[in-house]
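Dear colleague,

I am passing on to you the structure below, together with some notes on what was found in it. Please look through it at your leisure before reading on.

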Amino acid sequence: MNLKDLLPTYSAQDNTDYDYVFTIFTPIYNRADTLHRVFDSLHAQTFKNFELVMINDGSKDNSHEVATELMKTATFPITYINNTQNRHKMACFVQAIQEAKGQFILPFDSDDECVPEALETFYNAYESIPEIKKNTISGVTCLCKDQSGNLVGKPFKTQPYYSNTFKRQLAHAEATEKWGFTKASILKSITIHEGIYSKGYIPEGIIWELIAKQGFETKYINDVLRIYYLDTGNAISIQNHEKDAFGMAIYSLCVLNWYYKPYRFKQPKLFIKRIFTLLRAAHFLDFTLTDYLNAIESRTLKALFILGWPIKGLFKHS
C-alpha cells in the first residue's frame, strides 16, 4: 500500500441543482441517549429549508430503534442509512456527501445541540458576502459554547474574518472547537481513498486542509450557534495515540506534503512537530521506513524522519 496514494485529491465538479439550502449530516454511533438533541434542535430552527442525512455507523446499542422512532416525529425530510458495519465517521461523511441534496453541508454530531437561529444566521452570513468574493468562499464557521453556556475557545479579533483552516490555525492557535458548513460542490469534488476507512479515527482536517490548499477561504463569524457537550464519553476529542495512529499519519503527510514548501521558513516548528507526530504514529503501524520516505515529498523532511526513526518508540506517550 502506497501511503501517498491514500491522501485525498481534488477535482472540481460542476455545480448541480439543489433541492435544499442545507443538508444536515448526523453520524450515529451508540447515541441512543442523546440523538433527541438533534431532532429537538432541528424542529426549533427558524430557517426551514434543509434536509437531514442520518447515518447509523453500526451502533451496538439501540440507536437504530431510537432513530426510527424519532423520524416519525420529524417535520423535515430525512435520508436514513443504517450501516451494519462500523466504518468510522470519515466513511459516513463521504457517504453523506454523496447523498446530499443541499447547497451547503453541515455536520451535526448526534450528541450536540444548536440554537434555533443557527441555520438562519449561517444563511445570512453567507448571503452578506460580497458577490465578487463568493466563488472563493467554501463556507461559514461559527463559535461554540458548552452545555453550561461557557464559550469554547476565544472569539475572532476581527469581523468579518476571512481565512482558511491552515492559516486560521496559525493565527488563532487558541481557536479550538468550531462549527460550520461547506459548499456541497466543493465537498463533492474531493475523492477520499477507501483504503483509509475502518482504520480508526481519521481527522476531518484532511478535508479542510485540502480545501485550503485549493485556495478557498472560510468566513469566520463570532456568533455562538452550537452547544458542544464536553463530557461525552466517546467523543473523538479524547485522543488515543495507538487507536488514532493511522489517521494522524495520514493527516501529518497531508500537512507535510501540501504546506512545507510555501511555509517552511515561516513556520519551521510546525513541520518539526508534524514529523514528530508521524514518527509517533509509525511506532504503532506496520509500514516500513521506505514506505514513509516514499510518501514524504521534501528531502529535508525525509532526512529529519530518518534521524528520528531509530527512537520513534520514545515518542509513543508524548
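Helices here are DSSP runs of H or I with at least four residues, and they are numbered from the N terminus, which is how the name α8 below should be read. Please also keep in mind that this is a predicted model.

To begin with that helix, α8 covers residues 205-213, and because seven of its nine residues are buried, the helix is largely enclosed by the rest of the structure. The buried residues in α8 are Gly205, Ile206 and Ile207, followed along the chain by Glu209, Leu210, Ile211 and Ala212. After α8 comes Gly215, which has a positive phi, near 95 degrees.

Positive phi values also occur at two residues that are not glycines. Ser198, which lies in the loop between β11 (190-191) and α8, has a phi of about 60 degrees; its relative accessible area is 35%, so Ser198 is partly exposed, given that this class lies between the limits of 20% and 50%. Asn30, in the loop between β2 (20-28) and α1 (36-43), has a positive phi of about 55 degrees, and with a relative accessibility of 24% Asn30 likewise counts as partly exposed.

Finally, which two residues are joined by a cis peptide bond? They are Gln159 and Pro160, with omega at about -5 degrees, and Pro160 has its place in the loop that runs between β8 (151-152) and β9 (161-163).

With best wishes

How values were computed
Residues numbered from 1 in each chain as written. Predicted model: local features only at pLDDT ≥ 70, side-chain atom pairs only at ≥ 80, totals over all residues. Heavy atoms only, no water. Buried < 20%, exposed > 50% of the residue type's maximum accessible area, 1.4 Å probe, protein only.
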